[in-house]
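Here is a friendly walk through one model, moving from its annotation to its ligand shell and then to a few helices. Please keep the sequence and the 3D view at hand as you read.

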Amino acid sequence: MSELLKVSHLNAWYGQAQILFDVGLQVNRGEVVALMGRNGAGKSTTLKTIMGLVEHKQGDVVFMNKPILGLPAYKIARLGLGYVPEERRIFADLDVQENLLTGKQSARVWEDGRPVVEWTPEKLFTLFPNLGRMLDRPGTKMSGGEQQMLSVARTLMGNPYLVLLDEPSEGVAPIIVDQLKNMVLTLKEQDIGILLSEQNLDFVRDVADRAYVLEKGEIKFSGSIEQIYADETIKAQYLGLETAS
Ligand SMILES: Nc1ncnc2c1ncn2[C@@H]1O[C@H](COP(=O)(O)OP(=O)(O)OP(=O)(O)O)[C@@H](O)[C@H]1O
């Protein structure tokens, strides 16, 4: 087991309002970990705080043995921590190829000297064939799902060790959800870690090794996806899912 990310006692605030309370979580190499919870539970805030995008925070975030809480987001990204925000930040005026090139960073190696997978547009088009068919299409002329794929692909161009993915399947057509699942599993095979904020339990079941459940900014459960499926309280109370009557 090789630890990529360890978050301990993480607290965060927007203005006077405390949003995260003592959040703790860990992601290891080659592990897909889901962060679940209802709307407003604090999933996005957790990812943003790890990524250096929330100003007022306290606690410890260690990435590849380096404390990163307090570093600016661009420095964190350069250390090899990829982030795909919920709102799909692509450059609307640039085409697919140009968007991908804006994400390019140098090749990396793991601590044991082995190379980290180095992404090129061609490799990414095997994961997302639609993108390969629309190389010169500007962001403005892409569907929400295509933009989501491009946003993920642009992040992968940075050759990250670990990717934070915020609700990748939200509002995306089923065929693209399948490609996103496939992408997550391919990254896992390459030993990359993934921390995935997701409300879709079926998506999580198909890709994740284990999950944390957040409620009002606190981790209420940590364990396997099977445990969540089997626990009516978690499903009803923390995930807002219908339970069998
Ligand atoms: N920029 C902000 N300023 C003030 N409050 C915010 C801000 N962003 C989020 N919040 C509040 O913080 C809480 C947690 O929001 P967050 O977006 O982290 O939840 P979430 O679990 O990701 O939910 P969703 O799936 O709806 O994005 C909510 O009460 C939300 O209203």
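UniProt, in an unreviewed entry, places the feature "domain: ABC transporter" at residues 5-241; UniProt positions follow the numbering used here, feature names are shortened, and annotations may be inferred rather than shown by experiment. Residues are numbered from 1 along each chain as its sequence is written. Please bear in mind that this is a predicted model: local features need pLDDT of at least 70, side-chain atom pairs count only at pLDDT 80 or more, and totals for chains, interfaces and linings use all residues.

Over residues 5-241 the chain is 34% helix and 27% strand, with end C-alpha atoms 29 Å apart. Helices (H or I, at least four residues) and strands (E, at least two) are DSSP runs, numbered from the N terminus.

**Around the ligand**

Which residues surround the ligand? They are Tyr 14, Ile 19, Gly 37, Asn 39, Gly 40, Ala 41, Gly 42, Lys 43, Ser 44 and Thr 45, where a residue counts as near if its C-beta atom, placed from the backbone, lies within 6 Å. Helix α1 (residues 43-50) gives the largest share of this shell, 3 residues. In α1, 8 of its 8 residues are buried, meaning that 20 or more other C-beta atoms lie within 10 Å of a residue's own (exposed is 12 or fewer, partly exposed in between; C-beta atoms are placed from the backbone). After α1 comes Gly 52, with a positive phi near 85°.

**Two longer stretches of helix**

The expected span is 1.5 Å times one less than the number of residues.

| Helix | Residues in helix | Expected span | End C-alpha distance |
|---|---|---|---|
| α6 | 13 residues | 18 Å | 19 Å |
| α7 | 16 residues | 22 Å | 23 Å |

In α6, 11 of the 13 residues are buried, so this helix is largely enclosed by the rest of the structure. Its buried residues pack against β6 (81-84), α3 (96-102), α4, α5 (129-132), β7 and α7, with contact meaning C-beta atoms, placed from the backbone, within 7 Å.

Helix α7 has the buried residues Gln 179, Leu 180, Met 183, Val 184 and Leu 187. Seen down the axis of α7, they fall within an arc of 145°, so they line one face of the helix; the arc is that of the directions from the helix axis to the C-beta atoms. An α-helix has 3.6 residues a turn, so residues three or four places apart point the same way. Turned away from the buried side of α7 are the exposed residues Pro 174, Ile 175 and Glu 189. Just after α7, Asp 191 has a positive phi of about 80°.

Technical notes. Two residues are in contact if their C-beta atoms, placed from the backbone, lie within 7 Å.
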